[in-house]
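Colleague: Could you take one part of this model and walk me through it up close? I'd like to see how its pieces pack, with enough of the rest to keep my bearings.

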Amino acid sequence: MTVNSATARYEGLGKDGKGHVATKSGALDAPYGFNSRFESGPGTNPEEMIAAAHASCFTMATSFALAKAGHTDGTLDTDCDVTLEKDGDGFTVTKSALSMKAKVAGMDKAEFEKIAAEAKANCPISKLLSCEITLETEFEG
């Protein structure tokens, strides 16, 4: 079992507030707030961090599954778009759209797509999310 942690602080309230989020490892140390979440202001936002977590988790899960299937070399590039929609008086994350471009020598597309679909369903971040999760793949053997 591993436990990872982050901290967040928000000074001021609502749109005028300013936040800061950091991970224990130091990999993330960034401002966040209304402007970075709903406009084009500097900093990050929760949905961007979820997108980064989902893209990296899914890509790693796919990599390990490919290695377990006997493949030894390849390149995996994943984009993830997390959608935040208005829901009554609040908001809901409604979708996490994964898009992977993969190049794995000596592998056919059908085998790759099966492995990628299993990785999508079983990576820990996919299991965490309760929204629609989609996957598009582009593959070169």
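Modeller: Here's the overall layout, then a close look at one sheet and its helices, and a short look at the other sheet.

First, the ground rules: this is a predicted model, so local features need pLDDT of at least 70 and side-chain atom pairs count only at pLDDT 80 or more, while totals for chains, interfaces and linings use all residues. Residues are numbered from 1 along each chain as its sequence is written, and side-chain values use heavy atoms, with hydrogens and water left out.

The protein has 4 helices and 6 strands, running β-β-β-α-α-β-β-α-α-β from the N terminus. Those are DSSP runs numbered from the N terminus: helices are H or I with at least four residues, strands are E with at least two. Along the principal axes, the C-alpha atoms fill a box of roughly 55 × 35 × 25 Å. The split is into domain 1 (6-38) and domain 2 (46-139), with bounds from an automatic or database domain assignment. Their centres, over C-alpha atoms, are 26 Å apart. Across the boundary, 4 residues of domain 1 are in contact with 5 of domain 2, contact meaning heavy atoms within 4.5 Å.

Now the close-up. β4, β5 and β6 form an open sheet in that order, with mixed pairing; two strands pair if DSSP finds at least two bridges between them. β4 (75-87) and β6 (132-140) are the edge strands with a single partner each, so one side of each has no neighbour in the sheet. Neighbouring strands here are turned by 15° against each other on average, direction ignored. β5 (residues 90-103) runs parallel to β6, and 9 bridges join the two. K101 sits opposite E138 in β6.

Two helices pack on this sheet. α3 touches β4, β5 and β6, and its direction makes about 150° with that of β6. α2 lies across β4, β5 and β6 too, at about 145° to β4. For these angles, axes are lines fitted to C-alpha atoms, for helices over the stretch in contact, and values run from 0 to 180 degrees between N-to-C directions.

The two helices also meet each other. The axes of α2 (residues 46-68) and α3 (residues 109-122) come within 9 Å and cross at roughly 130°. That makes α2 oblique to α3; under 35 degrees would be roughly parallel, over 145 roughly antiparallel and 65 to 115 roughly perpendicular, with the rest oblique. On the α2 side, F58, A61, T62, A65 and L66 meet F112, I115, A116, A119 and K120 of α3. By class that's 8 nonpolar, 1 polar and 1 charged residues, counting Ala, Val, Leu, Ile, Met, Phe, Trp, Tyr, Cys and Pro as nonpolar, Asp, Glu, Lys and Arg as charged, and the others, Gly among them, as polar.

To get your bearings, look back at the other sheet. It is open, ordered β1-β2-β3, with antiparallel pairing. β1 (6-11) and β3 (29-32) are its edges, and the twist averages 15° from one strand to the next. β1 and β2 share 6 bridges, with T7 opposite A22 in β2. Their hairpin has 6 residues between the strands, and G12 in the turn has a positive phi of about 90°. β2 (residues 18-23) and β3 are joined by 4 bridges, G19 pairing with Y32 in β3. This hairpin has 5 residues between its strands, and G26 in its turn has a positive phi of about 90°.
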